[in-house]
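Dear colleague,

I am handing over the structure we spoke of, which you will find just below. My notes on it follow, and I would be glad if you read them with the coordinates open.

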Amino acid sequence: IPSSIPSSQKVVLFNKTGGPEVLEYVDFAIPKIADNELLIKNRYAGINYIEGYFRTGLYPAKTPYVLGREATGVVVRVGSAVKGFQQGDKVTYLSGSTFAQYTKYPAVGNLIKLDAKADDEKMKLYSASLIQGLTALTFINEAYNVQPDDYILVTAAAGGVGLILDQLLSKQKKAHVIAIASTDAKLQKAKEAGAEYLLNSSKLSQDQLVAKIMEFTKNKGVSASFDSVGKDTAELSLAVLARKGTFVSFGNSSGAVPPLNISRLAKKNLKVLRPLLFGYIAEPEEFRYYLQKLFDLIDNKQLNISIYKVYPLSEYKTAVKELEGRKTSGKLLLEIPQ
Ligand code: NDP
């Protein structure tokens, strides 16, 4: 109820770019909503690798920059022109500034109302699956439409996006997943998620990785590489693609991919994409279509969302050190103080 909304809130932000040390857990004004907006009291917010790109300056950010990209929470204020929402509605949504107790968001954006019965577990699960789940789901259909029996390379195969890719590729698309990760424990997780071939990037040289992948694919190479690692794996991805293969380069976990001379694509008639999730869910119907698919997969237990750890909002710094230090697998979540 409005009267219980305090005048300030806790958020995680940065004022200058740098390592995790620039992160601040501070008091901040609660946003004022416009007529078409909702004020949402967040319950859980998902952590994504992209936060670090803004923090380090790889992507531009206006400071003070409140981090966060997705959350689940409860509507506590409704703009006067908003239809179809009321206080107390549970919602899950994609928006900036969700590492905060309160976030404002337009009622007609990338947001959906949850069933009133959605319990805390479900709110947790939905917050944990939005960006990474939608990324995996849209990319395997639109960046490269994966076909049964395709051989597909997945880098960071035990990461948040990685574990979802492994499952959807193997179970929904019936493709053969070749997983790369940096420890045997991570590879075991990828295997449980459906990966068929496991490659440990800390034990094998680039040449050995190429040789193994060519062996697994009977010298044909992979139909696509879903490569979020970037700088360290781009050459590997290009080397192991089959004729007419697709390089889906979608992240920079190890750094940005250096400029690519397109004439290098000629030898194998390759395609290269650098997609963003938001380019596939820009229209409300696209967002709803994929979100419904994602939630159906989760609700029907066809997709497991593996939560690594739930951290209090105040501990984001610890969480991001573990994420960027390659210690984690699956999803990291923040619990927002109520
Ligand atoms: P992850 O859980 O995958 O974490 C990153 C993983 O990258 C690490 O666990 C690590 O796995 C691997 N990695 C490889 N090299 C490095 C390095 N030098 N430093 C740190 N990590 C490294 O994160 P997310 O699931 O949140 O995101 C995965 C990637 O997908 C990110 O690059 C992200 O930006 C991108 N992404 C892109 C989207 C888009 O729209 N284009 C949308 C969503 C995510 P290992 O130790 O096994 O190598």
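One sheet is open and consists of three strands in the order S2-S1-S4, with antiparallel pairing, where two strands count as paired if DSSP finds at least two bridges between them. Its edge strands, each pairing on one side only, are strand S2 (23-29) and strand S4 (65-66). Strand S1 (residues 8-14) runs antiparallel to S2 and is joined to S2 by seven bridges; among the residues involved, valine 11 has valine 26 in S2 as its bridge partner.

Please bear in mind that this is a predicted model, in which local features need pLDDT of at least 70 and side-chain atom pairs count only at pLDDT 80 or more, while totals for chains, interfaces and linings use all residues. Residues are numbered from 1 along each chain as its sequence is written.

The protein chain has eight helices and 16 strands, these being DSSP runs numbered from the N terminus (helices: H or I, at least four residues; strands: E, at least two). Its radius of gyration is 20 Å, which agrees with the value near 20 Å for a compact globule of 338 residues; the radius is taken over C-alpha atoms, and the globule rule is 2.2 Å times the number of residues to the power 0.38. Buried residues make up 47% of the 338 residues, a residue being buried if 20 or more other C-beta atoms, placed from the backbone, lie within 10 Å of its own.

Phenylalanine 99 sits in the loop between strand S6 (90-94) and strand S7 (102-106), and it counts as buried because it has 26 C-beta neighbours inside 10 Å. Leaving aside neighbours within four places in sequence, the contacts of phenylalanine 99 include Val11, Val12, Val66 and Leu334, where contact means that the C-beta atoms, placed from the backbone, lie within 7 Å.

As for the ligand, Gly159, Gly160, Ser182, Ser228 and Gly251 come nearest among the 31 residues around it, nearness being a C-beta atom, placed from the backbone, within 6 Å. Helix H2 (120-143), helix H3 (160-172) and helix H8 (316-324) are the elements that give two or more residues to this shell. The ligand lies between domain 1 (2-118 + 306-335) and domain 2 (132-278), because both give residues to the shell; the domain bounds come from an automatic or database domain assignment.

With best regards

Technical notes:
Buried ≥ 20, exposed ≤ 12 C-beta atoms within 10 Å, placed from the backbone. Contact = placed C-beta atoms within 7 Å.
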